Each structure stands twice: as structure tokens, then as C-alpha cells.
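Please open the model in the viewer and set it to a cartoon display. The tour below proceeds by selection, one stop at a time.

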Amino acid sequence: MIRKLGKSMGQQDRNAAPRAAMVMAAGLGTRMRPYNGQIPKPLVTVGGKALIDHVLDRLAAAGVTRAVVNVHHLADHIERHLSGRKTPEIVISDERAQLLGTAGGPVNAMKLLGGGPFFLVNSDTIWIDGVMPNLIRLASVFDAASMDALLLMAPTATATGYSGRGDFSMAADGRLTRRGERDVVPFVYAGAAILTPAFFAGVGAGASSMSPLFDRAAESGRLHGLRLDGIWMHVGTPDAVAAAEAALIASAA
């Protein structure tokens, strides 16, 4: 079932596992364009399944009942693809008129997310779980009393298709510190998190970035991370699609 931006979700217990999620699917996918042409990046197929379906299936398995999906680039394609899904319920947050960015998108859709902590997952992130699904691990560790954000962190040393210098260092208690401009750190944000409405405090309507919000939460000691159990695959380019599919095949052998 698919719905347009509209009816809000009822209030949820701040300490309960999130039943709502925001799926970020409005990006331009510039680096993937030589591959997709007329296919938005969330619909690129890896292992026989569109990237966004990998995400939505994991959310459903973690108990999410509503997923708000924002759309902009080739939005009609994404809406048509999602129209047949029944679980979780899909609600479209339409950004065709203006791309709102990584913070502006969730703020625009906040009334649909239940008023409590919610999953936020990039539509193009993919990983192979370990013994316990990583989204369930996130929910089990999250504590709204001490965290505004809990990010799933992938070790750079074992990530497939990633060659950057990392995003954060992580203390023994899970608190995150942003990488300095010239530093190399051991963890990269895996594109999945649990966030609270408080994380977005002071962010107005319109386009805005999440980067300064990460910095603010880190400075206050309320930005935490959880090490991903399994293998994270960075699918940012056409070449990375083949690497991700090879990793999926190897994990199933």
C-alpha cells in the first residue's frame, strides 16, 4: 500500500523499538548515472533485488510498520515500483518541487513519523547481517535518555567498495567523534540510524544538511555508534554493483 504525504502516525513510546522509518530516496545519484540512465539509484538491482527493496525488507523484518519515502529524481519510477508493496506501509514525501537535503527531508516528514525515535535509512545502503539483524541490534541498544542519534558504523577495513578515510572514531562507550580534515578514522557511517526529533531541534523548513547536526550531537555527547556486525557494501558507482553482487554470492555459498 502506498500513500501520499498526509495522515500522521500516532504517538509512540519513546523507549519502544521504532515502528516508523524514513527512507532517503530523493538523491540525484550522479555517480551512478552512467549505469542507470533512466533508472533512479534506489531501483538499481543488486542480487536480483532493487536497492530500496533490500532496505524495506530489512525494516519490515525489524518490525517497522510505516516507511516514509522521500522522492525527487525520477520520482514517478520510484512511486510505481513501490505501489505494490504491502509491508511496511509506504507513505510518499514528495520533494519534486525542491530537493530538501539530508536534514530537510526528515523535518518535512516529521509529522508522519510518530513523535518518537525512528529509523532513518539511505535507500542505497546494503549489508550482509551477522547472527542478529543490525537494525534489531540498533533498536536494542538505543537509549533516548542518553542519545539523540545512534548510527550504524561499518569498519572501513572490511567494507566492500569503500576507499575513503572514514567518517568517525568511536569510543568504548559508543560515543562518536567526527574525523578531522587530515585524519584517517576506522569507521564509516553505514547509512542506517535511529534518530529522535530532538536531533533536528531548531531546523526550519526548507533544504538543509544533516552534517552540522551530527557535529552538534557529538559535541553534547549524544551522538553514538554501533559497530555493524557483518559486511557493509558501498554501492556508489556502477563498478561497486558488481562487487556487491559478488559479496552476496560469497555469503550465500
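**First stop: Gly-105**

Select Gly-105, which lies in helix α4. The model shown here is a predicted one. Is Gly-105 buried or exposed? Its relative accessibility is 0%, so Gly-105 counts as buried, the cut-off being under 20%.

Next, display the residues around Gly-105. Leaving aside residues up to four places away in sequence, Gly-105 touches Met-22, Asn-70, Glu-95 and Leu-100. Add Ala-26 to the selection as well: 79 residues separate Gly-105 from Ala-26 in sequence, while their C-alpha atoms are 8.6 Å apart in space.

**Second stop: the largest pocket**

Turn now to the open space in the model. The largest pocket has a volume of about 890 Å³. Its lining comprises 36 residues, and those closest to the pocket centre are Met-24, Thr-102, Asn-122, Asp-124 and Tyr-189. Colour the elements that give two or more residues to this lining: α4 (101-108), β7 (118-122), β12 (187-195), α6 (211-219) and β14 (230-233). Which element gives the most to the lining of the largest pocket? That element is β12, with three residues. Coloured by class, the lining of the largest pocket shows 16 nonpolar, 14 polar and six charged residues.

**Third stop: helix α6**

Keep α6 on display and select Leu-213, Phe-214 and Ala-217, the buried residues of this helix. Look down the axis of α6: the buried residues fall within an arc of 105°, so they line one face of the helix. Then show the elements against which these buried residues pack, namely α4, β9 (149-155), β10 (168-170), β11 (176-178), β12 and β13 (223-227). Move on to Gly-221, just after α6, where phi is positive at about 75°.

**Fourth stop: helix α2**

Select residues 51-61, which form helix α2. Buried here are Leu-51, Ile-52, Asp-53, His-54, Val-55, Leu-56 and Leu-59. Just after α2, select Gly-63, which takes a positive phi of about 95°.

**Last stop: Arg-66**

Continue along the chain to Arg-66, in strand β5 (residues 66-71). Arg-66 counts as buried because its relative accessibility is 6%. Which residue does the side chain of Arg-66 join through a polar contact? Show the side chain of Glu-89: a polar contact of 3.2 Å links it to the side chain of Arg-66.

Conventions:
Residues numbered from 1 in each chain as written. Predicted model: local features only at pLDDT ≥ 70, side-chain atom pairs only at ≥ 80, totals over all residues. Heavy atoms only, no water. Buried < 20%, exposed > 50% of the residue type's maximum accessible area, 1.4 Å probe, protein only. Helix = DSSP H or I, 4+ residues; strand = E, 2+ residues; numbered from the N terminus. Polar contact = N/O pair within 3.5 Å; in protein donor to acceptor, adjacent residues only side chain to side chain. 1 Å grid on protein atoms, 1.4 Å probe; cavity = no way out; pocket = protein on both sides within 12 Å on 5 of 7 lines; lining within 4 Å. Points joined across faces, edges and corners; volume = space filled by probe spheres on them. Nonpolar A, V, L, I, M, F, W, Y, C, P; charged D, E, K, R; others polar. Arc of directions from axis to C-beta. Contact = heavy atoms within 4.5 Å.
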